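Please work through the exercises below with the sequence and the 3D view open side by side. Each task is followed by a solution that proceeds step by step.

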Amino acid sequence: MMALNLEAVGKPIGPVDKSYTWKDVVLYSLGVGAGFSELDYCYEKRLKVLPSFSIAAIFDFLAHIGATSNVNLAGILHGEQSLVFHNPIPPEGTLSTKGRIVKYYDKGPGKGALVIGESDTYHSNGKKLFTSVITIFARLDGGFGGENAPKKEFVFPDREPDIVVDDSPSVNQPLLYRLSGDIFDLHVDPEFAKMAGFEKPIMHGLCTHGFACRALVNALIPGMPEKARRMDCRFTKTLYPGTPIRTLIWKVDEGKALWKTLNAETGDVVIDHGVFEYGDPVRERLDFSGQVAVVTGAGAGLGRVYALELAKRGAKVVVNDLGAARDGTGPASSSAADRVVDEIRAAGGEAVADYNNVATREGGEAIIRSALDAFGTVDILINNAGILRDKSMVKMEPETWKAVIDVHLNGAYHVTRPAFKVMKEKGYGRIVMTTSAAGLYGNFGQTNYASAKMGLVGFMNTLKLEGEKYGIRVNTVAPLAASRLTEDVTPPELFVRMKPEYVAPIVLVLCSKQCPVNGRIYNAGMGFYNRAAIWTGTGVVLGKGSVPSVEEIRDRMQAIASLKGAKVYHQLNEQVADVYAAVLNPKDVVDASTEEESGSAFTSAKAVFDAMPGAFRADAAKGIDVVFQYRISGDGGGDWFCAVKDGQCQVAAGLYEKPTCTFLMASGDFLDMMNGKLSPMQAYTGGKLRIEGEIMKSQLIEKLFRIDRK
Ligand code: NAD
């Protein structure tokens, strides 16, 4: 005798893939009664997809559930169906469905069993489209000794429905509907139907379900099927094709309706217990309830905002701050940390203050002990405390150097070590390092700070590997924000737009359970976010098996430096493996030098100006104060200026009030000149380049910029 496969519970089924085109969508819509009055569901030029298309489209998957459970196919009926819609269904693509049998219920010998199957369906656009829970009523499989299904309460409001929708499926409806996938004989073959005990072929339950779905969408979210969020129901009776149906709808809540569909001739309920939810998708809020976060330097600036935001979202926060001056000097004060703790508590959050110095071993350990004493654990650590002591190289005394390294780099080490121990033991942790554009890209007068900040990137690169198998993720933020560290170097009109609040959201994502990355660096500020990374060129193998000469290296510098085909490595091993592979199979290494010229020519004026700051030679700019205005006409043209002063270069779009000289050129000629096809002298004498203002100063360009086409 066949028996249910009880072993199948929980085992993965699928993925089952199914590609579909607009024709499948239209065929389905026609199959469930749409027509000229709902042309959006039937016309490929403005096609929308009915939410119930979902279940028809995964019919193959449903068959897998049946087969895996080993139900007696002669006795199965579609019992209940729940659909939760996460994203709108595109009019074409491939659906990939994965799921499992979650439960069997036993109604008793002769009474049947229930097979509950759950699945998630993703689209080839990467989005999760819908979750289905199907209940198969297996009439012939009862009595296997399992528990019975719990009784579900379902009560319709004790009043007339708010909306009534009448419809009349045609006598031929199943012949059209079956082309969407369910080709079971019961819906087409009169002989088969008679054998199964019916007068004639019956409607597919899911076809009536599609009629009901149309009725619900048209009544509640007309023309906006993407707003359907949930559609649940229970199939109760069969229906013959050509029988009129009536769907009754009660609006019970904001975005929620209950519904049922009747045989309009007899009043019998054919689909019962209907729930339909609709509205905009609810974005899942990132929640930190029950988690413990340590934020160093949280008495002011960025750290304060991180602490407030984490606490607002449920985290218990240790607000660490020594309360020193901007350069780390002056008497320590507890007031900075206390103020932030007061703010958090006033808003209903939980926090404790900690006044220890990150820059010492004892300080670091004490900070983590504060977390353990107050809240029992540490889930999140944001290494944020910082000071500045800017000096140019010669004036950079060892104490100045060391003070900055001590707070930023050694400080992060001292706090991270005891925190990492806790995280490793519990198998979970999120650590955020704070780097800076000064370290990533360089900034005059900040050798100490830039070294510490880049040191933190190296620290992350290794710690991310050590934490990986313990569920610990380590990432880095490079903020740009108004604080006492930046107030004197930022123009006042920008300073007000640089609220630290703009940096906090990405830091919170990196601290969250859902954090999708490990070992990444992000610039963040003023609403601008991007990733920074260390790219490594594909390289060349030189020397033909022996040590290459100095001259050979000199002559191949362009190929060595090429970033064409560059990669980002996750760890040392990957890079060393590439070196080994290149040296052992030198032929496989593409010599990028020959492709460089044509491969990376400038293709727009904007690209030239984007690259300009990178080509600036600060060493050649001493004492120079000039502004070059460029006015490029034609396709892709525009106005840009380049201001050089105090060894710095600023390039921006727009017109400068009084430039030193102005260059006027057509965009094609300008690109030719920048790509080396037209010399500036030729352009000038041939009338392709006009220069206004102090012509002699235009010659400074060659001195100020490395003319090294990239
Ligand atoms: P901030 O001065 O407002 O805040 C830093 C906090 O760290 C201060 O409250 C200070 O008291 C505290 N602190 C200093 N030394 C400490 C120590 N030894 N122990 C404990 N606490 C100490 O500065 P911010 O701009 O909010 O900077 C936060 C972090 O972001 C720093 O690491 C900074 O280098 C980095 N950063 C900031 C910017 C920016 O644009 N603001 C840019 C790049 C990097």
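**Exercise 1: a helix and its covered face**

Helix H3 is followed by Asn-70, whose phi is positive, near 65°; the model in which this is seen is a predicted one. Task: find which residues of H3 (residues 59-69) are buried, and explain why they line one face of the helix.

Solution. Step one is to apply the cut-off, under which a residue counts as buried if its relative accessible area is under 20%. In H3 the buried residues are Phe-61, Leu-62, Ile-65, Gly-66 and Ser-69. Step two is to look down the axis of H3, where these buried residues fall within an arc of 150°, so they line one face of the helix. The general background is that an α-helix has 3.6 residues a turn, so residues three or four places apart point the same way. Step three is to ask what lies over them: the cover includes strand S1 (13-20), helix H2 (53-57), strand S3 (93-106), strand S4 (113-123) and strand S5 (128-138).

**Exercise 2: the sheet**

Task: give the strand order of the open sheet of 10 strands, name its edge strands, and state which helix packs on it, touching S2 and S6 among others.

Solution. Step one is to follow the pairing, which is antiparallel and gives the order S1-S3-S4-S5-S2-S7-S10-S9-S8-S6. Step two is to identify the edges, which are S1 and strand S6 (163-167), since each of these pairs on one side only. From one strand to the next the twist averages 20°. Step three takes one pair in detail: S4 and S5 run antiparallel and are joined by 10 bridges, with Val-115 having Ile-136 in S5 as its bridge partner. Step four adds helix H6 (residues 205-220), which packs on the sheet with contacts that include strand S7 (228-235) and strand S8 (245-253), and whose direction makes about 50° with that of S8.

**Exercise 3: a second helix and a hairpin**

Task: compare the span of helix H7 (residues 301-312) with the expected one, then describe how strands S17 and S18 are joined.

Solution. Step one concerns the 12 residues of H7, which reach 17 Å from first C-alpha to last, close to the 16 Å expected at 1.5 Å a residue. Just after H7, Gly-314 takes a positive phi of about 100°. Step two turns to S17 (residues 521-525) and S18 (residues 528-532), which run antiparallel and are joined by five bridges; Ile-521 has Ala-532 in S18 as its bridge partner. The two strands form a hairpin with two residues between them, and Met-526 in the turn has a positive phi of about 60°.

Note on methods
Residues are numbered from 1 along each chain as its sequence is written. This is a predicted model: local features need pLDDT of at least 70, side-chain atom pairs count only at pLDDT 80 or more; totals for chains, interfaces and linings use all residues. Side-chain values use heavy atoms; hydrogens and water are left out. Two strands pair if DSSP finds at least two bridges between them. Helices (H or I, at least four residues) and strands (E, at least two) are DSSP runs, numbered from the N terminus. The expected span of a helix is 1.5 Å times one less than its number of residues. Buried means under 20% relative accessible area, exposed over 50%, partly exposed in between (1.4 Å probe, protein chains only). The arc is that of the directions from the helix axis to the C-beta atoms. Contact means heavy atoms within 4.5 Å. Axes are lines fitted to C-alpha atoms, for helices over the stretch in contact, and angles run from 0 to 180 degrees between N-to-C directions.
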